[in-house]
Amino acid sequence: MKFLNFLKPKPTQPTIESYAQHSCGVPQEQIQLVMEWLFASLMAAGYAGKSHIIWYDSDNPDPSLEQTVKKVMKRDEPIFLYRCARTMPLPQGYYWRMMTEHPLSRIYQLEIKDGE
């Protein structure tokens with residue numbers, strides 16, 4: 001049925017899938033601000049597809065999050081990480097780039113290392 005995907009209408013705005021938001025320990029007000037900033041950033045970049053944000057707490061790591069990242073990487077959709085403590089390890093060839101545009105310096109974008 002994948003061949004019918006071209007019949008689906010193109011999205012007009014980004015959507016953000018959120019993972020581990022409720023278990024990260026970040027106050028709801030701060031989550032709201034981060035989500036608003038990320039949505040506005042995607043809109044400003046002209047991105048109108050699906051993206052993903054992971055709320056990662058290295059003090060209480062969730063092993064399923066690493067599997068989620070590996071699964072989502074295959075979709076070629078933007079992946080972001082909100083660092084509640086340290087950043088999560090990644091497969092070879094990828095790294096977390098700190099998004100210095102955000103004042104908290106806790107948001108990272110998953111990127112492919114050059115030359116790999």
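Me: Helices here are DSSP runs of H or I with at least four residues, and strands are E runs of at least two, both numbered from the N terminus. With that settled, what does the secondary structure of the protein chain come to?

Reply: This is a predicted model, and its protein chain has two helices and five strands. Along the sequence they follow the pattern β-α-β-α-β-β-β.

Me: Nice. What share of the residues in the chain is buried?

Reply: Buried residues account for 34% of the 116 in the protein chain. As for contacts, among those between residues at least 6 apart in sequence, 58% join residues at least 24 apart.

Me: Let's look at H1. What span should helix H1 have, and what do its end C-alpha atoms give?

Reply: H1 covers residues 28-44, which is 17 residues, so at 1.5 Å a residue a span of 24 Å is expected. The C-alpha atoms at its ends are 24 Å apart, in agreement with that.

Me: And which residues of H1 are buried?

Reply: Ile31, Val34, Met35, Trp37, Leu38 and Leu42 are the buried ones. Viewed down the axis of H1, they fall within an arc of 165°, so they line one face of the helix. On the other side, Glu29, Leu33 and Ala44 are exposed.

Me: Why would residues three or four places apart point the same way?

Reply: An α-helix has 3.6 residues a turn, so that spacing brings side chains round to the same direction.

Me: Makes sense. What covers the buried residues of H1?

Reply: The cover includes strands E1 (15-19), E2 (50-56), E3 (79-83) and E5 (107-112). After H1 comes Gly46, with a positive phi near 80°.

Me: On to the core. Which residues in the largest nonpolar core touch the most other members?

Reply: Val26, Ile53, Trp55 and Tyr82, out of 15 residues in that core. H1, E2 and E3 are the elements that give two or more residues to it, and H1 supplies the largest share, six residues.

Me: What does Val26 touch, leaving out residues up to four places away in sequence?

Reply: Ile31, Trp55, Tyr82 and Cys84. There is also a second, separate core of 13 residues, with Tyr19, Met73, Tyr108 and Leu110 among them.

Me: Trp55 and Tyr82 keep coming up. Are they buried or exposed?

Reply: Both are buried. The count of aromatic pairs comes to one, and Trp55 and Tyr82 form it: the pair is tilted, with 4.9 Å centre to centre and 35° between the planes. Trp55 sits in strand E2 and Tyr82 in strand E3, 27 residues apart, so to speak a link between distant parts of the chain.

Me: Different topic: how many disulfides does a search of the whole structure find?

Reply: Zero.

Me: Why is Cys24 not bonded to Cys84?

Reply: The two sulfurs are 4.0 Å apart, too far for a bond, because a disulfide needs cysteine sulfur atoms within 2.5 Å. Cys84 has no disulfide either, its nearest cysteine sulfur being that of Cys24. Cys24 counts as buried, at 6% relative accessibility.

Me: Last one: where is Asp76 found, and what is its phi near?

Reply: Asp76 is in the loop between helix H2 (63-73) and E3. Its phi is near 60°, a positive value in a residue other than glycine. Asp76 is exposed, with a relative accessible area of 72%. Ala20, in the loop between E1 and H1, has a positive phi too, near 65°.

Definitions and conventions
Residues are numbered from 1 along each chain as its sequence is written. This is a predicted model: local features need pLDDT of at least 70, side-chain atom pairs count only at pLDDT 80 or more; totals for chains, interfaces and linings use all residues. Side-chain values use heavy atoms; hydrogens and water are left out. The expected span of a helix is 1.5 Å times one less than its number of residues. Buried means under 20% relative accessible area, exposed over 50%, partly exposed in between (1.4 Å probe, protein chains only). The arc is that of the directions from the helix axis to the C-beta atoms. Contact means heavy atoms within 4.5 Å. A nonpolar core is a set of buried Ala, Val, Leu, Ile, Met, Phe, Trp, Tyr and Cys residues joined through side-chain atoms within 4.5 Å. Rings of Phe, Tyr and Trp (its six-membered ring) pair if their centres lie within 6.5 Å; planes under 30 degrees apart count as stacked, over 60 as edge-to-face and the rest as tilted.
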